[in-house]
Amino acid sequence: MSQSDQVHTSETSRSAAPRPGHLPPVEDLVACPTCDALYQLPDVPKGSRARCLRCHTVLTAPRDGAMTRIVMLAGTSVILMLAAIFFPFLELTAAGITQRSSIMDVVLVFADGPFVGLAIAVGALIVILPLARFLALIYVLAPMAFGWRPAREAVPVFRLAERMKPWSMAEIFIVGVAVALIKVAGLAHLSLGPAFWAFVALVLITAVKDTFMCRLTIWKTLEQRSQ
Amino acid sequence: MMTARSAGLVGCPNCGRVHDVPAPGRCQRCGWRLPGHAPDRSLQRVWAWLFAGLVVYIPANIYPMLRTNTFGRTTESTILEGVVDLLHHGSYGVALVVFVASIVIPIGKFFAIAYLAISVERREMMQVHARHRLFEVVEFIGRWSMIDVFVVAILAALVQLDFAATINPGIAAISFALSVAFTMLSAQSFDPKTIWLDGDMRPR
């Protein structure tokens, strides 16, 4: 994945005295979401990134065909997630007994007594929120990829997808699996099921998909197309 | 450095769209709540979530995380005992991962968020870059504390071998999960802009 690290940031204060009367129209300005620094962004070429000069937050990083790729990768992730939910995840053998568990079992283990809340939380963090985020991205970006008008309520749906990002913890779950494997290694024999590999693939695809995500481009496109 | 606020404009904290003053309550592009209407209470939310996280972190360390039953004998282990167990097994690498994820990161996060909130309250202008980097690290790394909760869930789902071995979650799993969630909410309530504020742009 090669992308030039060229910085295409331009400061508005560089050219003219920062007097409100001399500012370009607000449509041409961008405020850094992290530190509020004001920029007049030129059209950033595809494949390069514009970073904030002060806090180095990536302002925009448009990529060629990004919308189509995100939709396809999110679609792949949905299929992998469905496979990961229902196929056996881990298989454990000890004292002649074999126990197969799917991700649903992991979620449902807490489902009785005081642990119901934890069952819901774990289910939400590793299955529901990632799945909801993939579906939300497909809903918002598929019409964009085809060049159509945005779907109904695309703005709140995309905002929700952004909010869900820190709470979808599929990659953390994988590390948890690795730790659990080592913890029971002395107790029993363990083997990995197909769902585990589906889950690993899902985590990798999500990571690739996030490199194509450019919030500014998506928000701008949504705004332009809905007019 | 000219900021949207110092230019008399309002920038959206989510999508960066710039609005003229008086700005609408919500961003016209993405609908995010824009600052500047109500007095800024983000620091109060930061402290509230941080204290909530701290309170539930105490039982998370005192009560057992895992209850293991092998051949009729039940042993309970707290978070720290789980790490010591791994050391006895000789899995030093994994012990280190669990130790960092469930002890170093949560405690470090409490201090880091408190330090950031205090430095904003005191209107310190020193080391803004270092503090911003610290905030990014806290926001990125905080979710990884959830590892131990997932380990408990996986173990309890897997190891249900009747008499030979059963593993059940302990009450600390709940309070630890809550603690991680509360400190994540605390970090999310923190407005990184306040680190960079200068002159007229401070909270309150």
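User: Taking contact to mean heavy atoms within 4.5 Å, what share of the contacts in chain A between residues at least 6 apart in sequence joins residues at least 24 apart?
Analyst: The model is predicted, so local features need pLDDT of at least 70 and side-chain atom pairs count only at pLDDT 80 or more, whereas totals for chains, interfaces and linings use all residues. Residues are numbered from 1 along each chain as its sequence is written, chains are lettered from A and ligands numbered from 1 in the order in which they are written, and side-chain values use heavy atoms, with hydrogens and water left out. For the contacts in chain A between residues at least 6 apart in sequence, the share that joins residues at least 24 apart is 65%.

User: What percentage of the residues of chain A counts as buried?
Analyst: Chain A holds eight helices and seven strands, these being DSSP runs numbered from the N terminus (helices H or I, at least four residues; strands E, at least two). Buried means under 20% relative accessible area, exposed over 50% and partly exposed in between, with a 1.4 Å probe and protein chains only. Of the 227 residues of chain A, the buried share is 50%.

User: Which three residues supply more of the area that chain B buries against chain A than any other three?
Analyst: Buried area is the accessible area (1.4 Å probe) that two parts lose on being put together, summed over both, and between chain B and chain A the value is about 5900 Å², 73% of it from carbon and sulfur atoms. The contact draws 65 residues from chain B and 67 residues from chain A. The three residues that supply 13% of the area chain B buries there are Met2(B), Arg29(B) and Phe150(B).

User: Which residue of chain B pairs with Glu223(A) in a salt bridge at 2.9 Å?
Analyst: A salt bridge here is a side-chain nitrogen of Lys or Arg within 4 Å of a carboxyl oxygen of Asp or Glu, and the count between chain B and chain A is three. Glu223(A) lies in helix α8 (residues 215-225) of chain A and its partner in the loop between β1 (9-11) and β2 (18-20) of chain B, so the pair joins two chains. That partner is buried, with a relative accessible area of 10%, and the residue whose closest N or O atom lies 2.9 Å from Glu223(A) is Arg17(B).

User: Where in chain B does Arg29(B), the salt-bridge partner of Glu223(A), lie?
Analyst: The side chains of Glu223(A) and Arg29(B) meet at 3.5 Å, N to O. Both residues are buried. As Glu223(A) lies in chain A, the pair joins two chains, and Arg29(B) is placed in the loop between β2 and α1 of chain B.

User: Which residue forms a salt bridge with Glu136(B)?
Analyst: Glu136(B) counts as partly exposed, at 30% relative accessibility. Its partner is three residues apart from it in helix α4 (residues 128-141) of chain B, so about one helical turn separates the two. With the closest N and O atoms 3.4 Å apart, the partner is Arg133(B).

User: Within what arc do the buried residues of α2(B) fall, seen down its axis?
Analyst: In helix α2 (residues 79-89) of chain B, the buried residues are Ile79(B), Gly82(B), Val83(B) and Leu86(B). They line one face of the helix, because the arc, taken from the directions from the helix axis to the C-beta atoms, spans no more than 100°. These residues pack against elements of both chains, including α6 (170-184) of chain A and α3 (92-121) of chain B. The arc within which they fall is 100°.

Methods:
Contact = heavy atoms within 4.5 Å.
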